[in-house]
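Reader: Hi! Could you walk me through this model, a bit at a time?
Author: Happy to, here it is.

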Amino acid sequence: MNKKMKWKIPLFKIYWDKEDIKSVTEVIKKGMMWTDGEKIREFEKMIAEYMGRRYCVCFNSGTSALHAALQAYGVGEGDEVIVPSFTFISTCNAPLFVGAKPVFADIEEKTLGLSPEDVRQKISKNTKAVIPVHYGGMPCRIKEIKKITEEFGLVLIEDAAEAFGAEIGGKKVGTFGDAAILSFCQNKIITTGEGGAVLTDSKRICEKLKLLRSHGRKEKRGYFFSPESGDYITLGYNFRMSEIAASLGISQFKKVKEIINKRRKIAQRFLEKLREIKEIETINPPEDFFCVYQMFPVIVDNRDKRDKLISYLAEKGIVTKVYFEPVHLTRFYKEELKYRCNLPVTEKISERILTLPLYPSMTEEEIDEVVNEIKNFFAEEKREDEKFRSWKFLQK
């Protein structure tokens, strides 16, 4: 493909308006408190209330949030943490950050989240925590997983990075576990550019998280606005969210209902249009599952056709991407960490999955163009197959 070609339909676009610019500009014009101010506390309060949890602690990324959450719950050397391999790699790396071992469990095909049955099989005497992922805005089978973690006395940390606003039976995902993490990266439901948060109902964990995100420093007032030095009472990191980012988050949050409604409307049009293509399977939410469609994945017949479709759509100026290749098959996990796993569903899905473009400002014309090009691709494939079969017949 010509490198100078402009994408007609990107994978995602950030949904922003003048209020976002105004919010950030106001903080910048203050000329102070760009790193630690009231906007952070305001954003945390808004998120906690929306999610229905007592505490929200913001971080500079979802990865830092997960790292800090594991550390706050005492996960460390000698512990095992059950995770999916079908996820962004930070879910699996976070246990390594605290000296624990990630143990991969398989996913199930209905939600593409952790299989509760395989989670149970992977529990050992060293298991300390489970991190299920709500994939692409779709809730996983978190109720069943929660029952298992309660039975074995394990810490349950939901990775809701891709599922802000998703629900099961009217209950927000991120409220089932002991804690949950969110991501506000640029392609998420709402964004602060980069950013994340931990949700919990435990005051003790909340206080630990605040120490971990700011060098382990205990403060009564802001570091830059008090003559007091503050005391360092534990090991911590520079995981703080900036006031500028929090200000953007507040403005973005005010649009969350609108953003989710737009995503669901676009997804519904995709679902209706793609039913006509027999080579494509869509992923439909189970009853009582409210999906927010942070991504729109489809399942293609096989890996060969999936990869050809990616190239075909790229030539037409349409971006698609594989979310996700299995983490256990990456070079680092295979060659450095020597992982050998039996995850048949993960590998089967990863070989066939493809994420199509979806963003709140996507037009009906853009949706139809994506669908029509997919139809054109499979029509061409069918013609090629028929030519090949005819040629084979003539060779007999």
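**Salt bridges and beyond**

Author: Glu167 and Lys172 are both buried (buried is under 20% relative accessible area, exposed over 50%, partly exposed in between, with a 1.4 Å probe and protein chains only). Before we go on: this is a predicted model, where local features need pLDDT of at least 70, side-chain atom pairs count only at pLDDT 80 or more, and totals for chains, interfaces and linings use all residues. Residues are numbered from 1 along each chain as its sequence is written, and side-chain values use heavy atoms, leaving out hydrogens and water.

Reader: Thanks! How far apart are the closest N and O atoms of Glu167 and Lys172?
Author: They are 3.1 Å apart, and the two residues form a salt bridge. That term means a side-chain nitrogen of Lys or Arg within 4 Å of a carboxyl oxygen of Asp or Glu.

Reader: Do tell, which residues are joined into one network by salt bridges that share partners?
Author: Arg303, Arg306, Asp307 and Glu325.

Reader: And how many salt bridges are there by this rule?
Author: The count is 23. One of them pairs Glu144 with Arg141, at 3.3 Å from N to O. Glu144 is partly exposed at 34% relative accessibility, and Arg141 is partly exposed too, at 22%.

Reader: What about Lys39, which side chain does it meet in a salt bridge?
Author: That of Glu42, with N to O at 3.9 Å. Both sit in helix α2 (residues 38-51), three residues apart, about one turn of the helix. Helices (H or I, at least four residues) and strands (E, at least two) are DSSP runs, numbered from the N terminus. Lys39 counts as partly exposed because its relative accessible area is 22%, and Glu42 does so at 35%.

Reader: What is Ser247 in contact with, leaving aside its neighbours within four places in sequence?
Author: Lys39 turns up again there, along with Ser23, Val24 and Val27. Contact here means heavy atoms within 4.5 Å. Ser247 itself belongs to helix α8 (residues 243-253) and is buried, with 2% relative accessibility.

Reader: Switching topic: how many disulfides does the structure hold?
Author: Zero; a disulfide would be a pair of cysteine sulfur atoms within 2.5 Å.

Reader: Why is there no bond from Cys56 to Cys58?
Author: Because the sulfur of Cys58, the closest cysteine sulfur to that of Cys56, is 4.3 Å away, too far for a bond. Cys56 is buried at 7% relative accessible area, and Cys58 is buried at 0%.

Reader: Now for empty space. How many cavities of 30 Å³ or more are there?
Author: Three. The search runs on a 1 Å grid over the protein atoms alone: a cavity is a set of points where a 1.4 Å probe fits but cannot get out, while a pocket is an open set with protein on both sides within 12 Å along at least five of seven lines, and lining residues have an atom within 4 Å of a point. Grid points are joined across faces, edges and corners, and a volume is the space filled by probe spheres set on the points.

Reader: What volume does the largest cavity have?
Author: About 90 Å³. Its lining includes Leu11, Phe12, Asn187, Arg263 and Tyr323. By class, that lining has seven nonpolar, three polar and one charged residues. Ala, Val, Leu, Ile, Met, Phe, Trp, Tyr, Cys and Pro count as nonpolar, Asp, Glu, Lys and Arg as charged, and the others, Gly among them, as polar.

Reader: And how much space lies in the second largest pocket?
Author: About 470 Å³. It has 25 lining residues, and the closest to its centre are Phe88, Ser183, Cys185, Asn187 and Lys188. The lining of the second largest pocket divides into 11 nonpolar, 10 polar and four charged residues.

Reader: Which element gives the most to that lining?
Author: α3, with three residues. At least two residues each come from α3 (62-72), α4 (90-97) and β8 (179-183).

Reader: Last one, the backbone. Which residues does a cis peptide bond join?
Author: Tyr323 and Phe324, with omega about 10°. Phe324 is in the loop between α10 (303-315) and α11 (331-336).

Reader: And where is Leu112, buried or exposed?
Author: Leu112 is buried at 2% relative accessible area, in the loop between β3 (101-105) and α5 (116-122). Its phi is near 65°, a positive value in a residue other than glycine. Lys338 also isn't a glycine, yet has a positive phi of about 60°; that residue is exposed at 57%.
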